[in-house]
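Work through these exercises with the structure open beside you. Try each task before you read its solution.

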Amino acid sequence: MIGFAPPRERLQASVIVPVRNEAQRLPATLQALAAQQEPPDFEVLVLANNCSDDSAAIVRAFAQRHPWLQLQVSEVQLPPQQANVGHARKLLMDEAAQRLLAGRVRGAFIASTDGDTCVAPHWLRNTAREIDRGADAVGGRLLAASDAEPGSNPPQRWQRWDTAYRLACEKLQCLLDPDDADPWPRHHQHFGASLAVRADAYRAVGGVPAGVPWLEDEALVQALRCADRRIRHSCEVRVITSSRREGRVDVGLSWQLREWDRQAQAHGELMVDDPDDLQCLLLARHRLRGLWRRGFVARADDAAWRPLAQVLGLSAELLHRQATQAATFGALWRQLQQQRAERGLAACRPQPVQRALAGLRRLIAEAEPQTSRWRVGRGSDG
């Protein structure tokens, strides 16, 4: 049980910050939240879980110096099996959803960040705008702070290569399987350091799944996708987060940086998935999505299902049956992904990132003129 004072009436946003021993970076996090420009009516809820430093005291002192900021902190000592960021973020987001839904404000949303992160001055304003435009959830762009250890490997260019590769993948996806809720320009991130979700959408999908110790942000986004909720990866919503190697979670950005260190020592270059494999999967998903939207799932037409089944590595009969039974397209695609993984079909052929980027640029150049003609002649669902 975490205890906060009752919320103010007509609250539009609740910012949640799970914290564990962040005394060094927390003041900058709080200052960035206090400096928000043109924000909606918001509060800040900090959960100091299992701290052995002055994190909670820092929040209280900051609240006294900024009485206009609706800032509260709760200290808890979680048992070992729950002493993780997944459970802490779930506690906070569940609490925030309850507070916001009680206020009955249309479009009220939970905005998550971390105690080692500084949000941009218009972080809340731009998030609220995306919500107003119809998004159920908003993933913000994470930029790494320049606090990496001197001489650390891999060099920071690995992070730049990885970002360039992932953004190119997003561009190809926008061309081959466009999503009207998440048009280009967009990015690839939806992490706890900048992830917002409407309180009603959060409640509708059951919130952060229980028992997830880390990657709870990814688990929540997967639940939203399975429910066909609208997820926006906005380039206008930005934060700067720590690039330290010693993080507070077993799997997260700090883990990814350490993993790149390991790969650099083992292979000397960053390996990523083959873009040709990605292209085949995106085209198959787009075709399947088109069948779903047109209501053709009830027709066991071999001409429509067999080519798709072949690409996905499934039988046409199984694919059609699952498409007919699935309640949402997101749930259908998630089920197909899991089945492909169980059969060892989900793994793509790795290749050096520079070669993959060249391949992605080629595929994007090929898709752009075709997509333009296709949209003019047939519409977005043609």
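**Exercise 1. The whole chain**

Task: What share of the residues counts as buried, and how many helices and strands does the chain have?

Solution: This is a predicted model. The protein chain has 382 residues, and 50% of them count as buried. Its secondary structure comes to 13 helices and 10 strands. Now take the contacts in the chain with a separation of 6 or more: 80% of these are between residues 24 or more positions apart.

**Exercise 2. Two packed helices**

Task: Describe how helix 10 and helix 11 pack, and name the residues that meet.

Solution: Begin with the general idea. Two packed helices are described by an angle and a distance, both taken between their axes.

Step 1. Locate the pair. Helix 10 covers residues 302-312, and helix 11 covers residues 316-325.

Step 2. Read the geometry. The angle is about 100°, and the axes are 8 Å apart. Angles of 65 to 115 degrees count as roughly perpendicular. Helix 10 is therefore roughly perpendicular to helix 11.

Step 3. List the contact. Helix 10 brings Trp305, Arg306, Leu308, Ala309 and Leu312. Helix 11 brings Ala316, Glu317, Leu319, His320 and Ala323.

Step 4. Sort by class. The contact of helix 10 with helix 11 has 7 nonpolar, 1 polar and 2 charged residues.

**Exercise 3. Rings in helix 12**

Task: Are the ring planes of Phe329 and Trp333 stacked or edge-to-face?

Solution: A pair of aromatic rings is described by the distance of the centres and the angle of the planes.

Step 1. Count the pairs. There are 2 aromatic pairs.

Step 2. Apply the cut-off. Planes under 30 degrees apart count as stacked. The ring centres of Phe329 and Trp333 are 6.5 Å apart, with planes at 15°, so this pair is stacked.

Step 3. Place the rings. Both residues lie in helix 12, residues 329-342. Phe329 and Trp333 are 4 residues apart, about one turn of the helix. In general, an α-helix has 3.6 residues a turn, so residues three or four places apart point the same way.

Step 4. Check the burial. Phe329 has 6% relative accessibility and counts as buried. Trp333 is buried too, at 9%.

Step 5. Widen the view. Ring pairs link Trp292, Phe329 and Trp333 into a cluster.

Step 6. Look at another ring, that of Phe296. Arg299 lies over its face, 4.9 Å from the ring centre.

**Exercise 4. The buried side of helix 7**

Task: Which residues of helix 7 are buried, and what do they pack against?

Solution: Helix 7 spans residues 216-226.

Step 1. Its buried residues are Glu216, Asp217, Leu220, Val221, Gln222 and Leu224.

Step 2. Their helix partners are helix 3 (85-103), helix 6 (199-204) and helix 12. Their strand partners are strand 6 (137-144), strand 7 (195-198) and strand 8 (231-241).

Step 3. Look past the end. Asp228 follows helix 7, and its phi is positive, near 60°.

**Exercise 5. Two buried residues and their neighbours**

Task: Where do Ile131 and Arg340 lie, and which residues do they touch? Leave out residues up to four places away in sequence.

Solution: Step 1. Ile131 is in helix 4, residues 123-132. Its relative accessibility is 4%, under the 20% cut-off, so Ile131 counts as buried. Ile131 touches Gly107, Phe109, Asp136, Val138 and Arg198. The C-alpha atoms of Ile131 and Arg230 are 9.7 Å apart, with their positions 99 residues apart along the chain.

Step 2. Arg340 lies in helix 12. At 12%, Arg340 is buried. Arg340 touches Leu281, Val311, Leu312, Gly313, Leu345 and Ala346. Arg340 and Leu312 are 28 residues apart in sequence, yet 7.3 Å apart from C-alpha to C-alpha.

**Exercise 6. Backbone exceptions**

Task: Where are Asn21, Glu38 and Pro185 found?

Solution: Most residues other than glycine have a negative phi, and most peptide bonds are trans.

Step 1. Asn21 is not a glycine, yet its phi is positive, about 55°. Asn21 sits in the loop between strand 1 (13-19) and helix 1 (26-34). At 23% relative accessibility, Asn21 is partly exposed.

Step 2. Glu38 also has a positive phi of about 55°. Its place is the loop between helix 1 and strand 2 (42-49). Glu38 is exposed, at 55%.

Step 3. A cis peptide bond joins Trp184 and Pro185, with omega about 5°. Pro185 is in the loop between helix 5 (156-176) and strand 7.

Technical notes
Residues are numbered from 1 along each chain as its sequence is written. This is a predicted model: local features need pLDDT of at least 70, side-chain atom pairs count only at pLDDT 80 or more; totals for chains, interfaces and linings use all residues. Side-chain values use heavy atoms; hydrogens and water are left out. Axes are lines fitted to C-alpha atoms, for helices over the stretch in contact, and angles run from 0 to 180 degrees between N-to-C directions. Angles under 35 degrees count as roughly parallel, over 145 as roughly antiparallel, 65 to 115 as roughly perpendicular and the rest as oblique. Contact means heavy atoms within 4.5 Å. Ala, Val, Leu, Ile, Met, Phe, Trp, Tyr, Cys and Pro count as nonpolar, Asp, Glu, Lys and Arg as charged, and the others, Gly among them, as polar. Rings of Phe, Tyr and Trp (its six-membered ring) pair if their centres lie within 6.5 Å; planes under 30 degrees apart count as stacked, over 60 as edge-to-face and the rest as tilted. Buried means under 20% relative accessible area, exposed over 50%, partly exposed in between (1.4 Å probe, protein chains only). A charge sits over a ring if NZ of Lys or CZ of Arg is within 6 Å of the ring centre and within 35 degrees of the ring normal.
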